[in-house]
Amino acid sequence: MTSTTDSTPQPAPAAPAPAPTTASPVTPKSATAAHEGRGRRLIPALLRVTEFRRYWTGQTISAVGDQITGIVLPLVAVSTLHADAGRMGLLTAAGWLPSLLFALHAGTWADGRSDRRRVMIVADVARAVLLLTVPAAHLLGVLTLTQLFVVAFVMGGFSVLFDVCNAPLFVAVVPNERYVEGNSLVNGSRAMSSAAGPGLGGGLVQLLAAPLALVADALSFLASALALGSIRPTEPPAEPRTRGRISAGLRFITATPIMRAALLGTATVNLFTFMIAALFVLFATTELGLSAGLLGTVLSAGALGGLLGAGLTGRISRRIGIGRAVVLGLIAYPAPLLLVPAARGGTLPVVALLLAAVFLSGIGVMILDITVGSLFAAVIPDRLRSRVSGAYQAVNYGIRPLGSLLGGVLGSTLGLRPALWVAAVGALTSFLWLLPSPIPGLRSLPDAQEEKGL
């Protein structure tokens with residue numbers, strides 16, 4: 001496999017010595033060594049590499065905070081500011097609109113810099129400050145929906161900047177033969193944060209006023225900034241300014257069948273699942289009657305599926321091939337969401353159906369994220385990495401606010417349940433884009449694609 005990075009990530013340490021297989025006298029010293037050996041075997045090899053461990057720690061802490069915000073910010077809008085379906089759609093859209101507006105230019109700007117890690121630190125600190133304005137305004141009695149829209153929009157802008165810089169940083173701290181392992185660890189920790197974050201967020205909302213719960217996410221961004229400040233990876237060099245730089249990432253995607261099919265599939269699933277995301281909290285709390293604490297518990301328990309998915313993805317991709325694993329993820333992610341609009345009746349059957357939907361969907365989205373992320377890390381050339389990431393985000397994330405707005409419109413006109421049926425069925429069609437592409441035939445990660453004069 002051709003290396004996709006010019007960086008020099010630290011090699012993983014050698015595997016620990018195997019445990020003795022025959023009975024023999026065990027001295028206290030050898031017993032201690034055996035215990036340490038067993039302890040080392042429980043820790044994934046990549047996490048024994050200091051640089052990756054610190055990178056992963058920052059990503060994990062920040063992901064927990066993101067999950068808290070993911071449930072608390074909509075609850076602030078619903079419970080404190082009494083937002084309706086249309087405004088909930090606008091709030092979700094405000095957070096993703098910067099991807100549509102800025103991602104292409106942000107990726108070009110990031111490829112022209114050699115200090116992307118510092119940019120990520122600035123983005124973390126800025127997002128912490130923005131979040132703290134919400135509880136401050138609440139304490140002063142001046143919190144409005146307009147402020148929530150502005151905070152969501154500006155935070156979305158800094159998130160775009162963070163993400164386009166994160167793509168080259170990931171390949172700088174992970175050897176190319178370990179992309180699936182690295183993505184499994186990062187996405188596995190996100191799954192753990194998904195399990196803990198919503199429950200923690202729901203609990204904080206019940207203990208405190210909803211806006212005050214956002215302080216937890218602000219602290220997580222600061223912790224992420226500290227973790228990034230503690231590593232010194234060798235980043236890809238800055239790309240010199242040339243004509244056509246801004247559109248180079250988009251041209252690479254359209255000229256590469258693997259990237260093109262993956263973008264169409266993931267953009268389609270994002271359009272429809274963000275219709276569901278815009279309506280889910282309102283549907284669960286108003287039509288199904290779930291409390292904030294029960295809603296958080298449902299999301300936390302369901303997100304355990306993501307943790308299971310992260311643990312299974314490596315085995316699945318080795319058994320059926322990386323390409324078929326991508327297709328499987330794009331089916332297994334949206335299919336269980338059909339249970340969301342099907343939920344009705346008493347609290348017990350409703351909670352059971354929602355648990356099944358989110359748990360099974362969590363397995364699917366983790367298979368999809370890990371396999372697609374590994375595929376992109378292998379295929380994209382270093383010099384285009386941020387620009388391709390930005391162009392991909394502009395379409396794949398940019399379609400999310402459109403999905404949120406469409407969800408709000410359909411929820412207001414058709415009703416919440418019919419709109420959720422439309423979204424769930426639509427999401428299930430997304431895998432069809434992959435079938436005529438080279439992706440289903442990929443047994444292993446391909447080499448970086450030729451750049452075709454870009």
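Is Arg387 buried or exposed? At 2% relative accessibility, Arg387 counts as buried, and one of the views below shows what its side chain pairs with. Keep in mind that this is a predicted model.

**Figure 1. The whole protein is built from helices, with no strands.** Start with the overall view. The count comes to 16 helices and 0 strands. Of the 454 residues, 54% count as buried. The protein exposes about 18800 Å², and carbon and sulfur atoms supply 66% of that area. Take the contacts between residues at least 6 apart in sequence: 89% of them join residues at least 24 apart. A search of the whole structure turns up 4 salt bridges, and three of the views below zoom in on some of them.

**Figure 2. The largest nonpolar core has 127 residues.** The residues with the most contacts inside this core are Phe52, Leu148, Met259 and Leu354. Helix α9 gives the most to it, with 17 residues. In general, nonpolar side chains in soluble globular proteins tend to be buried together. Now zoom in on Phe52. Setting aside neighbours within four places in sequence, Phe52 is in contact with Leu46, Leu47, Val173, Val174, Gly182, Leu185 and Val186.

**Figure 3. Arg387 and Asp111 meet in a salt bridge.** Here's the pairing promised at the top. The N to O distance between the two side chains is 2.9 Å. This pair links distant parts of the chain: Arg387 sits in helix α14 and Asp111 in helix α3 (residues 85–111), 276 residues apart. What about cover for the acidic partner? Asp111 counts as buried too, because its relative accessibility is 1%, under the 20% cut-off. Side chains of opposite charge can pair when their charged atoms come close.

**Figure 4. Helix α14 is mostly covered.** This view pulls back from Arg387 to the helix that carries it. Helix α14 runs over residues 385–396 and has 12 residues. From first C-alpha to last, α14 reaches 16 Å, close to the 16 Å expected at 1.5 Å a residue. How many of its 12 residues are buried? The count is 11. Among them are Arg385, Ser386, Arg387, Ser389, Tyr392, Gln393 and Asn396, along with Val388, Gly390, Ala391 and Ala394.

**Figure 5. Asp124 forms a salt bridge with Arg127 inside helix α4.** The closest N and O atoms of this pair are 2.8 Å apart. Why are the two separated by about one helical turn? Asp124 and Arg127 are 3 residues apart in helix α4 (residues 116–140), so about one helical turn lies between them. Both partners are covered: Asp124 counts as buried at 0% relative accessibility, and Arg127 is buried with a relative accessible area of 5%.

**Figure 6. Glu181 and Arg178 pair through their side chains.** This is another salt bridge, with an N to O distance of 3.6 Å. Glu181 is partly exposed, with a relative accessible area of 28%.

**Figure 7. Helix α2 holds both Val76 and Gln59.** Helix α2 covers residues 50–80. Val76 is buried, with a relative accessible area of 0%. Beyond its neighbours within four places in sequence, Val76 is in contact with Leu81, Leu143, Leu148, Ala210 and Pro211. Val76 and Ala213 are 137 residues apart in sequence, yet 9.5 Å apart in space, C-alpha to C-alpha. Elsewhere on the helix is Gln59. Gln59 counts as buried because its relative accessibility is 9%, under the 20% cut-off. Which residues does Gln59 touch, not counting those up to four places away in sequence? They are Phe162, Asn166, Val186 and Arg190. Val186 turns up in the contacts of Phe52 as well.

**Figure 8. The side chains of Thr268 and Trp433 are joined by a polar contact.** The last close-up goes back to helix α9, which spans residues 257–287 and includes Thr268. The polar contact between Thr268 and Trp433 is 2.9 Å. Leaving out neighbours within four places in sequence, Thr268 is in contact with Gly426, Thr429, Ser430 and Trp433. Is Thr268 buried or exposed? With a relative accessible area of 15%, Thr268 is buried.

Technical notes. Residues numbered from 1 in each chain as written. Predicted model: local features only at pLDDT ≥ 70, side-chain atom pairs only at ≥ 80, totals over all residues. Heavy atoms only, no water. Helix = DSSP H or I, 4+ residues; strand = E, 2+ residues; numbered from the N terminus. Buried < 20%, exposed > 50% of the residue type's maximum accessible area, 1.4 Å probe, protein only. Polar contact = N/O pair within 3.5 Å; in protein donor to acceptor, adjacent residues only side chain to side chain. Contact = heavy atoms within 4.5 Å. Core = buried A, V, L, I, M, F, W, Y, C linked by side-chain atoms within 4.5 Å. Areas by Shrake-Rupley, 256 points an atom, 1.4 Å probe, with all protein chains shown as cover. Expected span 1.5 Å × (residues − 1).
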